[in-house]
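Visitor: I should like to learn how to read a ligand site and a metal site in a model. Could you guide me through one example?

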Amino acid sequence: MAETVIDVQKLTKRFGDFTAVNHVSFQVEAGEVLGYLGPNGSGKTTTIRMLLGLLQPTEGEALVLGKSIRTQAELIRPQVGYMSQKFALYDELTMRENLDFYAGIYGVPGKQRAERVREVIASLELGGRENDQAGELSGGWRQRLALGCALVHHPKLLFLDEPTSGVDPSARRVFWDLIYGLAAQGVTIFVTTHYMDEAEHCHRAGIMFRGNLLALDTPSGLKASALPGAAWDVSPDHGGASLITALTALHDVPGVVRAGLASDQLRVITAPNAHTGESLLSVMKKAGFPDAKVEQVEPTLEDVFIALAGHDATV
Ligand SMILES: Nc1ncnc2c1ncn2[C@@H]1O[C@H](COP(=O)(O)OP(=O)(O)O)[C@@H](O)[C@H]1O
Ligand SMILES: [Mg+2]
């Protein structure tokens, strides 16, 4: 059986009357990449800070690497890596000096430091820029260096808080490849993001909204359980101006769970066995769109999020 690396039971954090994290429970197994998805303010960072023992929970408990976050946090921190949302690099130090500095902070013995720094440079493909000042690096390189700093003491467990925020899509892809490489080496990874599509990169993904963990499953499991019906792309084919008319027509049709705008077409979610392509086409015809096109599509995690969080989520 897989080893449970993080075991969270009813973890709750209140700030005064405000509940930032509400009775959240989940487990993370060794070697897993667990994504923690949610929009800004949903409680992701607060959860990580509690798991690192940096913030005391109001209620609940969690074991991280078998240690209590309430009473044994000082035993947890040396064994985990943490890349915080506002990761701190020293701009005037070079890449190599930053890594060496963090190796010192994490207590890597002096004799092993140079070796570990070399290993991290090789495994994160940072070679060639070791002597550049951190302040001169682009966003993607800074992000990879920050990951290196969190890895320099060879942790078994990594917490990455929105590591891909603000970097361009190609750097995001490279970064996810690195995360996968680390997981393949046995590192367990807890990673937060507000980009819903990034859940596709995770073994399992949890969806947070306003402090509540709404669901946690594999990407395909989330799609199957949160969206038991079907997803459709509907193009009214009458020019952009009529999209709203088509949307209004679809809203009132029995069996249509949700209809929303998706760029220049409509995304429609229907209840299980409620509709076929033909039945939706006939709805569109009656609404005055004889040339409409309807295609069944794989739901996205954005669809899943909206289905779970409801109309509030679209604001
Ligand atoms: N120290 C604090 N005092 C009061 N409210 C806080 C504090 N830290 C976080 N919050 C609030 O808790 C909510 C969740 O914050 P956070 O965990 O940072 O969300 P996320 O990381 O998902 O963006 C936000 O509404 C935030 O304003
Ligand atoms: Mg955050």
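Guide: Let us begin with the surroundings of the ligand. In this predicted model, the residues around ligand 1 are Phe15, Phe18, Ala20, Pro39, Asn40, Gly41, Ser42, Gly43, Lys44, Thr45 and Thr46. Sorted by class, this shell holds four nonpolar, six polar and one charged residues.

Visitor: Which residues have a polar atom facing an oxygen atom of ligand 1 at 3.1 Å, 2.8 Å and 2.5 Å?

Guide: A polar backbone atom of Ser42 lies 3.1 Å from an oxygen atom of the ligand. For Lys44, an N or O atom of the side chain is 2.8 Å from a ligand oxygen. For Thr46, the corresponding side-chain distance is 2.5 Å. Ligand 1 taken alone exposes 560 Å², of which the protein buries 59%.

Visitor: Which elements give two or more residues to the shell around ligand 1?

Guide: They are strand S2 (18-29) and helix H1 (44-51). The largest share, three residues, comes from H1.

Visitor: Which protein atoms are donors of the magnesium ion?

Guide: For a metal, one lists the donor atoms and then locates their residues in the fold. The protein donors of the magnesium ion, ligand 2, are OG1 of Thr45 and OE1 of Gln85, at 2.0 to 2.4 Å. Thr45 belongs to helix H1 and Gln85 to the loop between strand S6 (80-83) and helix H3 (95-105), so the pair ties together parts 40 residues apart in sequence.

Visitor: Are these two donor residues buried, partly exposed or exposed?

Guide: Partly exposed applies from 20% to 50% relative accessible area. Thr45, at 25%, counts as partly exposed, and Gln85, at 38%, also counts as partly exposed.

Conventions. Residues numbered from 1 in each chain as written. Chains lettered and ligands numbered in written order. Predicted model: local features only at pLDDT ≥ 70, side-chain atom pairs only at ≥ 80, totals over all residues. Heavy atoms only, no water. Near = heavy atom within 4 Å. Polar contact = N/O pair within 3.5 Å; in protein donor to acceptor, adjacent residues only side chain to side chain. Areas by Shrake-Rupley, 256 points an atom, 1.4 Å probe, with all protein chains shown as cover. Helix = DSSP H or I, 4+ residues; strand = E, 2+ residues; numbered from the N terminus. Nonpolar A, V, L, I, M, F, W, Y, C, P; charged D, E, K, R; others polar. Donors = N, O, S within 2.8 Å, 3.2 Å for Na, K, Ca; no water. Buried < 20%, exposed > 50% of the residue type's maximum accessible area, 1.4 Å probe, protein only.
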